[in-house]
Amino acid sequence: MTLRSLLFVPGDSPRKLAKGDAAGADALILDLEDSVAPENKAGARPLVSAYLAERPRGARATELWVRINPLDSGYALADLAAVVAGDPDGIMIPKADGPAEVRRLSHYLDALEVQAGLEPGSVGILPVATETAAAPFRLGDYAGAGLTRLRGLTWGAEDLSAAVGASTNLDPEGGWAFTYRLARSLTLLAAHAAGVQAIETLHVDFSDEAGLRESCRRARAEGFTGRIAIHPAQVRPINESFTPSVAEADHARRVVAAFAATPGVGVVGLDGKMLDMPHLKQAHAVLAAWTAFTTGDRADE
Ligand code: COA
Ligand code: MG
């Protein structure tokens with residue numbers, strides 16, 4: 001299932017955890033990493049594992065993911081040992097250095113799933129794939145790495161700028177500096193090469209709804225299919241932005257109809273414009289997303 005919005009919830013905050021169900025996100029990411037101070041790590045694990053246990057997978061309105069600490073942080077194994085029995089939909093792995101590290105996580109999950117009596121391979125993986133200096137060079141290697149648990153790739157600028165000793169990750173106009181635009185574009189390409197979701201990074205100013213909507217619009221137009229949220233107020237704008245509009249769905253139907261009307265032809269004209277196979281493929285993708293998001297229990301009310 002495509003995840004449009006993935007809302008971070010600090011795993012040590014009962015108050016915020018309690019707000020998760022009503023946020024309307026396609027997924028929550030129960031966080032054990034950067035939003036939890038070292039002295040609270042041990043206390044957050046039982047909160048997150050109880051939260052999962054109280055919401056069995058079949059009864060979840062929203063997917064439940066857990067962001068563990070980095071594999072070499074000294075916390076990760078205790079994180080996994082605490083949460084896998086709760087049958088999370090997936091694990092987000094921060095500061096992932098590349099596919100080899102994701103494979104290591106996958107092996108841990110192989111064992112923990114058996115121990116917990118879960119279906120083998122049922123816990124997905126979402127790496128934050130640009131948070132070390134080496135990571136961006138390995139993005140292309142996710143395709144063909146045989147990582148069957150991989151659900152998507154996402155990127156982050158804050159840890160990458162810290163990793164390279166940068167005092168800013170912005171350009172003089174306030175957009176991402178080139179290094180971060182590069183990491184973002186490589187993430188987009190790597191995700192599509194691997195056949196998984198390309199997930200846009202967070203919009204840090206959670207009171208700026210107009211700016212969030214505009215940057216979601218651009219991200220989706222470029223091929224991202226979902227986005228990280230850090231505040232409940234960001235969920236609706238993100239869900240709406242990553243759902244095709246009525247006009248887009250209508251246009252996609254007309255494109256499909258135009259090809260259907262001329263069987264065996266690779267190129268047609270519509271509204272004075274040439275359409276060929278990439279346009280048809282895009283129209284099918286829009287209609288698939290439209291159907292997924294506007295029918296059943298995931299339709300926005
Ligand atoms: N998940 C669930 N509930 C949240 C939430 C979140 N991510 N962010 C805020 N809320 C709740 C607040 O608890 C508050 O409810 P309350 O009044 O009952 O306590 C309500 O939504 C409004 O919050 P608001 O006052 O606008 O924000 P805040 O100052 O309490 O929190 C942040 C701001 C940034 C600290 C908070 O949004 C947050 O913790 N975000 C997630 C951070 C994170 O996980 N980062 C890691 C990834 S980078
Ligand atoms: Mg971080």
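**Metal site, cores and surface of the predicted model**

The magnesium ion (ligand 2) takes its protein donors from Asp 34 (OD) and Asp 159 (OD), which lie 2.1 to 2.3 Å from it; donors here are N, O and S atoms within 2.8 Å of the metal (3.2 Å for Na, K and Ca), and sites may look incomplete because water is not among the atoms. Asp 34 sits in the loop between strand S2 (27-31) and helix H2 (41-53), while Asp 159 belongs to helix H5 (residues 158-163), so the pair ties together parts that are 125 residues apart in sequence. Helices (H or I, at least four residues) and strands (E, at least two) are DSSP runs, numbered from the N terminus. With a relative accessibility of 49%, Asp 34 is partly exposed, on a scale where buried means under 20% relative accessible area, exposed over 50% and partly exposed in between (1.4 Å probe, protein chains only).

This is a predicted model, in which local features need pLDDT of at least 70 and side-chain atom pairs count only at pLDDT 80 or more, whereas totals for chains, interfaces and linings use all residues. Residues are numbered from 1 along each chain as its sequence is written, chains are lettered from A and ligands numbered from 1 in the order in which they are written, and side-chain values use heavy atoms, leaving out hydrogens and water.

Turning to the interior, the largest nonpolar core (buried Ala, Val, Leu, Ile, Met, Phe, Trp, Tyr and Cys residues joined through side-chain atoms within 4.5 Å) has 57 residues, and those with the most contacts inside it are Leu 30, Val 66, Ile 91, Leu 105, Tyr 142 and Leu 153. Helix H6 gives the largest share of this core, five residues. A second, separate core has 13 residues, among them Phe 259, Val 268, Leu 280 and Leu 287. Beyond its neighbours within four places in sequence, Val 66 is in contact (heavy atoms within 4.5 Å) with residues including Ile 29, Leu 30, Val 48, Leu 52, Val 83 and Ile 91.

Helix H6 (residues 178-194) also holds Leu 189, which is exposed at a relative accessible area of 57%.

Two aspartates deserve a look for their backbone angles. Asp 87, in the loop between helix H3 (76-83) and strand S4 (90-93), has a positive phi near 60 degrees without being a glycine, and is buried at 18% relative accessibility. Asp 271, in the loop between strand S9 (268-270) and strand S10 (273-275), likewise has a positive phi, about 55 degrees, but is exposed, with a relative accessible area of 53%.
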